[in-house]
Amino acid sequence: MAGKIVADTLEHSTAGSIATSYVVDGSAKAWLGADGNATHLDTLNFSSSSDDGTGIYTHTLTSSMANDIERGGLSLQAGGGTRFARYGTTNTTESVLEVRIHNTSGAYTDSTHNVIVLGDLA
């Protein structure tokens with residue numbers, strides 16, 4: 001038996017209240033912590049990941065987004081020099097996120113990384 005709760009506001013006994021639109025629109029729809037081999041360390045709404053070469057990873061969502069994944073954040077584990085990460089531009093879709101990690105010289109490098117995806121689910 002399926003149930004349905006309809007509410008415009010959620011209220012906590014001591015912490016106040018919040019509009020349900022904030023929960024729907026303002027919450028992360030997926031997150032992932034992965035090591036340099038694309039092994040999931042912690043995840044929500046990611047079904048699989050692959051290590052596609054040094055510093056290149058493909059992460060697949062369990063439930064797709066309404067549009068191409070373009071909102072969110074990436075962070076890297078410190079160590080081994082400064083690195084930066086970006087979403088790939090050619091292989092990122094509604095259900096697949098490509099992450100590319102570079103060192104300060106611009107060469108690809110493996111790194112533990114975290115991904116947060118925002119937006120609307122399909």
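Biologist: In what order do the elements of the protein chain run from the N terminus on?

Modeller: In this predicted model, the order from the N terminus on is β-β-α-β-β-β-β-β-β-β-β, which amounts to one helix and ten strands.

Biologist: What makes you call the protein chain more spread out than a compact globule?

Modeller: The globule rule gives 14 Å for 122 residues, whereas the radius of gyration of the protein chain is 17 Å, a value well over the rule, and therefore the chain is described as more spread out than a compact globule. For the overall extent, the C-alpha trace spans about 50 × 30 × 25 Å along its principal axes.

Biologist: How much of the protein chain is buried, and what share of its contacts joins residues 24 or more positions apart?

Modeller: Of the 122 residues, 29% are buried. Among contacts with a separation of 6 or more, 50% join residues that lie 24 or more positions apart. The accessible surface of the chain comes to about 7,300 Å², and carbon and sulfur atoms hold 51% of that surface.

Biologist: Why is the pair Arg 100 and Glu 98 called a salt bridge?

Modeller: The term requires a side-chain nitrogen of Lys or Arg within 4 Å of a carboxyl oxygen of Asp or Glu. Between the side chains of Arg 100 and Glu 98 the N to O distance is 2.9 Å, and because this falls within 4 Å, the pair is counted as a salt bridge. By this rule the count comes to one salt bridge, and both of its partners, Arg 100 and Glu 98, are buried. As for the charges of the whole chain, the mean position of the 6 positive ones and that of the 13 negative ones are 4 Å apart.

Biologist: What makes the phi of Ala 38 worth a remark?

Modeller: Most residues other than glycine have a negative phi. Ala 38, although not a glycine, has a positive phi of about 70 degrees. Its place is in the loop between strand E3 (30–34) and strand E4 (40–44), and with a relative accessible area of 7%, under the 20% cut-off, Ala 38 is therefore called buried.

Biologist: Where is Asn 45 found, and why is Asn 45 called buried?

Modeller: Asn 45 is found in the loop between E4 and strand E5 (46–51). The relative accessible area of Asn 45 is 15%, and because buried means under 20%, the term applies to this residue. Asn 45 also has a positive phi, near 70 degrees, in a residue other than glycine.

Biologist: Which residues does Asn 45 touch, leaving aside those up to four places away in sequence?

Modeller: With those neighbours left out, Asn 45 touches Lys 29, Ala 30, Thr 60, Leu 61, Thr 62, Ser 63 and Leu 121. Asn 45 and Leu 32, which are 13 residues apart in sequence, are 8.3 Å apart in space, C-alpha to C-alpha.

Biologist: How do you know that Thr 92 is buried, and which residues does Thr 92 touch?

Modeller: The relative accessible area of Thr 92 is 10%, which is under 20%, so Thr 92 counts as buried. Thr 92 lies in the loop between strand E8 (83–87) and E9, where, not counting residues up to four places away in sequence, it touches Asp 68, Ile 69, Leu 97 and Glu 98. Thr 92 and Asp 68 are 24 residues apart in sequence, and their C-alpha atoms are 6.7 Å apart in space.

Biologist: Why are His 102 and Val 117 called buried?

Modeller: His 102 has a relative accessibility of 7% and Val 117 one of 0%; buried means under 20%, so the term holds for His 102 and for Val 117. His 102 lies in strand E9 (residues 96–103), and Val 117 is found in strand E10 (residues 113–117). From C-alpha to C-alpha, Val 117 and Phe 46 are 10 Å apart in space and 71 residues apart in sequence, while His 102 and Ser 50 are 17 Å apart in space and 52 residues apart in sequence.

Note on methods
Residues numbered from 1 in each chain as written. Predicted model: local features only at pLDDT ≥ 70, side-chain atom pairs only at ≥ 80, totals over all residues. Heavy atoms only, no water. Helix = DSSP H or I, 4+ residues; strand = E, 2+ residues; numbered from the N terminus. Rg over C-alpha atoms; globule rule 2.2 N^0.38 Å. Buried < 20%, exposed > 50% of the residue type's maximum accessible area, 1.4 Å probe, protein only. Contact = heavy atoms within 4.5 Å. Areas by Shrake-Rupley, 256 points an atom, 1.4 Å probe, with all protein chains shown as cover. Lys, Arg positive; Asp, Glu negative; His and termini not counted. Charge placed at Lys NZ, Arg CZ, Asp CG, Glu CD.
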